[in-house]
Amino acid sequence: MRDSNLLDLLLWILRLRLRFRVTGASMFPLLQPGDEVLIDPRAFEKRPPQVGDVVMAQHPTQPGLKIVKRVTAVLPDDHYQISGDNPSASTDSRTFGPVSRQQILGLVTSRFG
Amino acid sequence: MKMLTSKIKALFPAKAELSAHCDGPCGVYDPASARIAAEAVVSMTKKMIALEGKTDLDSINNMSRYIAIKEEQAHIAKTEILVLWTDYFKPAHLEQFPELHDVIWETTKLLSHCKQHVDVEATGKLMEKIQQIHSMFWATKGRDVTFYVAS
């Protein structure tokens, strides 16, 4: 994942990017607890999520819990399999099944800091 | 640029959290189980020394129990540490703590020594090593967890 550049910083200041702090280790070693990322909440208005995208998603059964995972398969009917990069410490589509397009809230565009 | 964003991050950490979520396995690993077993080794060593020279039947009975528990708990501590080493710690952690392999080696060697001998000094060193593993483990999770001991 690339580091934020001046454009990212500008987009964040303009509130076109959301900034989040990562907790948990399911995306290790890409993202470690305490890392911060910028998210484009409108990325998937332009194109559908694709395999390899690191995305912010709504946990399907825990309201309010936003999770970060990688899209690992595009399934029929606009559903997506999402997985942690660190499968031994991840709860993901293996447990809660595929997520719908509406549950994918944004694309992680860069690392912050 | 990275300096600038790092500065922003340091001064104004993001409040919103994004979970690299895990329901179960995240909590599986905890160096506390090694610490508890190692503390039993410390305690049994002290009890054995306190009982030295006593020849009544109860004392002999207790001595053999202390020895058995010391042996058993040292082995449990060793297993717990080796599981952390082989299952939890990843190559990126080794970059963060290049001394990791040495510390694991020294700790498990100390546990063997504590089985073979009745050595208070070695049990003291053992607890220092266990604390070192505790600190590395929690640092990899970005958490500052206090090291508690029972005694």
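Modeller: Welcome! Two residues are in contact here when their C-beta atoms, placed from the backbone, lie within 7 Å. Please keep in mind that this is a predicted model.

Colleague: Thanks! How many residues of chain B are in contact with chain A?
Modeller: The two chains do not contribute equal numbers to this meeting: on the side of chain A, 36 residues take part. Chain B's side divides into eleven nonpolar, six polar and six charged residues. The number of chain B residues in contact with chain A is 23.

Colleague: Which element supplies the largest share of the side of chain B that touches chain A?
Modeller: Two elements of chain B, α1 (2–11) and β1 (17–19), each give at least two residues to that side. The largest share is five residues, and the element they come from is α1(B).

Colleague: Which residue of chain B stands opposite A:V22?
Modeller: Strand β1 of chain A (residues 18–23) runs parallel to β1(B), and three bridges join them. A:V22 also touches residues of both chains, including A:M27, A:V37, A:V68 and B:A20. Its opposite number in β1(B) is B:L18.

Colleague: Let's take chain A by itself. In what order do its elements run from the N terminus on?
Modeller: Chain A has three helices and seven strands. Of its 113 residues, 44% count as buried. Reading from the N terminus, the order is α-β-β-α-β-β-β-α-β-β.

Colleague: Why is strand β2 of chain A described as largely enclosed?
Modeller: Begin with its partners: β2(A) pairs with β1(A) in the antiparallel sense over four bridges, and five bridges join β2(A) to β7(A), again antiparallel. The strand covers residues 36–40, and a residue counts as buried once 20 or more other C-beta atoms lie within 10 Å of its own. β2(A) is largely enclosed by the rest of the structure because the buried ones among its five residues number four.

Colleague: Which residue is the bridge partner of A:V37 in β7(A)?
Modeller: On the β1(A) side of the strand, A:R21 stands opposite A:E36 in β2(A). On the β7(A) side, the bridge partner of A:V37 is A:R111.

Colleague: Which element gives the largest share of the largest nonpolar core?
Modeller: This core has 28 residues, and those with the most contacts inside it are A:V22, A:V37, A:I39, A:V55 and A:V68. At least two residues each come from β1, β2, β3 (54–58), β4 (66–75), β5 (79–83) and β7 of chain A. The largest share is four residues, supplied by β7(A).

Colleague: How many residues are in the other core, apart from that one?
Modeller: Its members include residues of chain B: B:V41, B:M44, B:A77 and B:C114 are among them. One of these, B:V41, is a buried residue of α2(B). The size of this other core is 21 residues.

Colleague: Is A:Q102 buried or exposed?
Modeller: A:Q102 lies in the loop between β6 (99–100) and β7 (104–112) of chain A. It has 9 other C-beta atoms within 10 Å, and with a cut-off of 12 or fewer, A:Q102 is therefore exposed.

Colleague: Now chain B. How many helices does it have?
Modeller: Its elements run α-β-α-α-α-α-α from the N terminus on. Of its 151 residues, 26% count as buried. Beside its one strand, the number of helices is six.

Colleague: What is the distance between the end C-alpha atoms of helix α6 of chain B?
Modeller: The helix has 21 residues, 120–140, and at 1.5 Å a residue these should span 30 Å. The model agrees with that expectation, with end C-alpha atoms separated by 31 Å.

Colleague: Within what arc do the buried residues of α6(B) fall?
Modeller: The buried residues are B:T123, B:L126, B:K129, B:I130, B:I133, B:F137 and B:T140. Seen down the helix axis, they line one face because their directions stay within an arc of 115°.

Colleague: And which exposed residues sit on the face of α6(B) turned away from its buried side?
Modeller: The buried side is covered by elements including α2 (32–50), α3 (57–88), α4 (91–96) and α5 (100–116) of chain B. The face turned away from it carries the exposed residues B:E121, B:G124 and B:E128.

Terms used. Residues are numbered from 1 along each chain as its sequence is written. Chains are lettered from A and ligands numbered from 1 in the order in which they are written. This is a predicted model: local features need pLDDT of at least 70, side-chain atom pairs count only at pLDDT 80 or more; totals for chains, interfaces and linings use all residues. The expected span of a helix is 1.5 Å times one less than its number of residues. The arc is that of the directions from the helix axis to the C-beta atoms. Ala, Val, Leu, Ile, Met, Phe, Trp, Tyr, Cys and Pro count as nonpolar, Asp, Glu, Lys and Arg as charged, and the others, Gly among them, as polar. Two strands pair if DSSP finds at least two bridges between them. A nonpolar core is a set of buried Ala, Val, Leu, Ile, Met, Phe, Trp, Tyr and Cys residues joined through C-beta atoms within 7 Å. Lists of a residue's contacts leave out its neighbours within four places in sequence.
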